[in-house]
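Here are a few exercises to help you find your way around a new structure. Try each task on your own, then read the solution below it.

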Amino acid sequence: MPESDVSPGENTHWSGDVHAVLKDLGVRQVVYVPDAGHKRLIEMCAADPDMVATQLTTEEEGIAMLSGAFLGGDRGVLLMQSSGVGNCMNMLSLTYACRFPLLMLVTMRGQWGEFVSWQMPTAKNTPKMLQLYDVLVQEADRIEEVAEIVEAAGRTAFDGPNAVAVLISQRVIGSKKFTR
Amino acid sequence: MPADMQPTLNNDPATRANNYTLRRREVIARILADRPKDLLIVVGLGTPSFDIVAAGDTDLTFHLWGAMGSAISIGIGLAQARPQNRVLVTTGDGEMLMGLGSLATAMVHKPANLTVVVTDNERYGATGMQTTHTAYDVNVPEMARAAGWPITGTVTSAVELETAVPNILRAPGPVFYAIKVRAEEDGMLLPPKDGVMLRDRFRKALLGPSAIF
């Protein structure tokens with residue numbers, strides 16, 4: 001079954017605003033597992049000479065990498081899809097035990113017009129899993145509020161220090177379409 | 001010579017590491033004897049952490065007490081933040097095997113200041129000395145070499161260790177060594193356990209007093 005990426009990635013004009021917010025926050029290391037919703041933002045961060053964008057094999061590497069980055073004086077952000085939150089659970093004990101600042105931007109799957117039921121269990125439990133590890137959850141449901149929420153989350157994360165996840169609704173990024 | 005008189009090479013996964021020549025405490029002490037003052041160390045949980053304490057703990061050492069599989073990834077983030085410092089990750093084979101993906105992630109930017117040293121006793125030391133996968137000839141330095149790490153190797157003798165030490169501390173990397181060490185239980189020498197304290201002492205020593213919250 002061929003997969004069409006027409007929908008996700010289309011509604012990414014919020015990406016430029018979020019990139020500007022991340023620069024203002026002093027974010028240098030951007031670590032990510034690719035997602036269609038983050039496609040444009042990842043490209044902008046990778047092209048930014050003041051940022052170091054590093055792709056991961058799995059999301060929990062990002063929690064660890066940003067902890068190391070902070071030990072060395074760098075601020076960072078983790079870009080990922082909600083399916084990867086389940087992968088992060090034990091690694092969040094590092095954030096918890098050492099109170100490392102953590103800013104996660106999570107694009108949601110399994111939430112709004114989801115075509116693949118396999119995405120549902122982790123999506124349904126994404127906020128709960130994060131909250132179990134004392135990660136503050138802030139949800140962005142409309143395009144125009146994404147950048148503002150990321151800015152507030154970033155200040156909470158880096159001034160705290162706190163762990164904060166911004167969950168970007170599937171409604172904002174568009175649901176994936178499949179065609180036969 | 002009759003076949004039954006030839007020396008047999010013990011390749012039994014459960015016991016072969018019991019006779020390895022190198023001793024873990026001596027290996028770490030040897031490497032750190034030549035360390036530059038500004039060496040940054042990330043050390044995986046358990047016995048590798050106690051080995052560092054035995055050799056001399058410093059504020060620029062970040063000890064892990066959990067988050068198994070994180071040590072190399074923490075080292076990558078730190079090395080990318082501090083290209084002016086050498087970053088040494090020391091960890092055990094069990095911890096390392098839980099973070100194999102980091103061998104690939106390190107190759108995105110290939111931080112030249114990063115070295116990983118695995119003290120490989122082919123055992124999970126904290127849970128009863130059960131075998132790890134390296135006891136079954138899984139060759140992690142070869143995995144690192146295949147991933148593109150420019151300097152990799154397995155060290156099995158004191159002579160090989162002397163050759164490796166300058167690479168570990170100074171060669172443009174990333175550098176990856178597995179050092180085969182005898183499977184034995186050394187005394188527990190516990191580093192500080194409080195995560196916030198470990199975080200703050202490291203940042204204060206590296207970045208100055210304004211770096212703590």
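**Exercise 1: two helices that cross**

In chain B, helix H1 (residues 24–33) packs against helix H2 (residues 47–56) at an angle of about 55 degrees, and their axes are 9 Å apart. Keep in mind that you're looking at a predicted model. Your task: describe how H1(B) is oriented to H2(B), and list the residues that make the contact.

*Solution.*
- Step 1: start from the angle of about 55 degrees. Oblique is the word for angles that are not under 35, not over 145 and not 65 to 115 degrees, so H1(B) is oblique to H2(B).
- Step 2: add the hand. The crossing of H1(B) and H2(B) is right-handed.
- Step 3: collect the residues. H1(B) brings B:Arg24, B:Arg25, B:Ile28, B:Ala29 and B:Leu32, while H2(B) brings B:Thr47, B:Asp51, B:Ile52, B:Ala54, B:Ala55 and B:Gly56.
- Step 4: sort them by class. You should end up with 6 nonpolar, 2 polar and 3 charged residues in this contact.

**Exercise 2: where the chains meet**

Work out how many residues of each chain are in contact with the other, and which helix of chain B gives the most to its side.

*Solution.*
- Step 1: count both sides. Chain B has 29 residues in contact with 27 residues of chain A.
- Step 2: look for helices on the chain B side. Helix H3 (71–81), helix H5 (101–105) and helix H8 (195–207) of chain B each supply at least two residues there.
- Step 3: pick the top contributor. That's H3(B), with 8 residues.
- Step 4: split the chain B side by class. There are 15 nonpolar, 11 polar and 3 charged residues.

**Exercise 3: cis peptide bonds**

Find a cis peptide bond in chain A and another in chain B, then say where each proline lies.

*Solution.*
- Step 1: take chain A. The bond from A:Gly160 to A:Pro161 is cis, with omega near 0 degrees. A:Pro161 sits in the loop between helix H6 (146–159) and strand E7 (163–168) of chain A.
- Step 2: go to chain B. B:Gly173 and B:Pro174 are joined by a cis peptide bond, with omega about 5 degrees. You'll find B:Pro174 in the loop between helix H7 (158–170) and strand E8 (175–180) of chain B.

**Exercise 4: positive phi without a glycine**

Are A:Arg99 and B:Met129 buried, partly exposed or exposed?

*Solution.*
- Step 1: check the backbone. A:Arg99 isn't a glycine, yet has a positive phi of about 45 degrees. B:Met129 isn't a glycine either, and its positive phi is about 60 degrees.
- Step 2: place them. A:Arg99 is in the loop between helix H4 (92–98) and strand E5 (102–107) of chain A. B:Met129 is in the loop between strand E5 (123–124) and strand E6 (130–131) of chain B.
- Step 3: use the neighbour counts. A:Arg99 has 17 other C-beta atoms within 10 Å, so A:Arg99 is partly exposed. B:Met129 has 16 C-beta neighbours inside 10 Å, so B:Met129 is partly exposed.

**Exercise 5: chain A as a whole**

Decide how the radius of gyration of chain A fits that of a compact globule.

*Solution.*
- Step 1: list the parts. Chain A has 7 helices and 8 strands.
- Step 2: compare the radii. A compact globule of 180 residues would have a radius of gyration near 16 Å, and chain A has 15 Å, so the two agree.
- Step 3: look inside. Of the 180 residues of chain A, 49% count as buried.

Notes:
Residues numbered from 1 in each chain as written. Chains lettered and ligands numbered in written order. Predicted model: local features only at pLDDT ≥ 70, side-chain atom pairs only at ≥ 80, totals over all residues. Contact = placed C-beta atoms within 7 Å. Helix = DSSP H or I, 4+ residues; strand = E, 2+ residues; numbered from the N terminus. Nonpolar A, V, L, I, M, F, W, Y, C, P; charged D, E, K, R; others polar. Axes fitted to C-alpha atoms, helices over the stretch in contact; angles between N-to-C directions. Left-handed = near helix turned anticlockwise from the far one by under 90°. Buried ≥ 20, exposed ≤ 12 C-beta atoms within 10 Å, placed from the backbone. Rg over C-alpha atoms; globule rule 2.2 N^0.38 Å.
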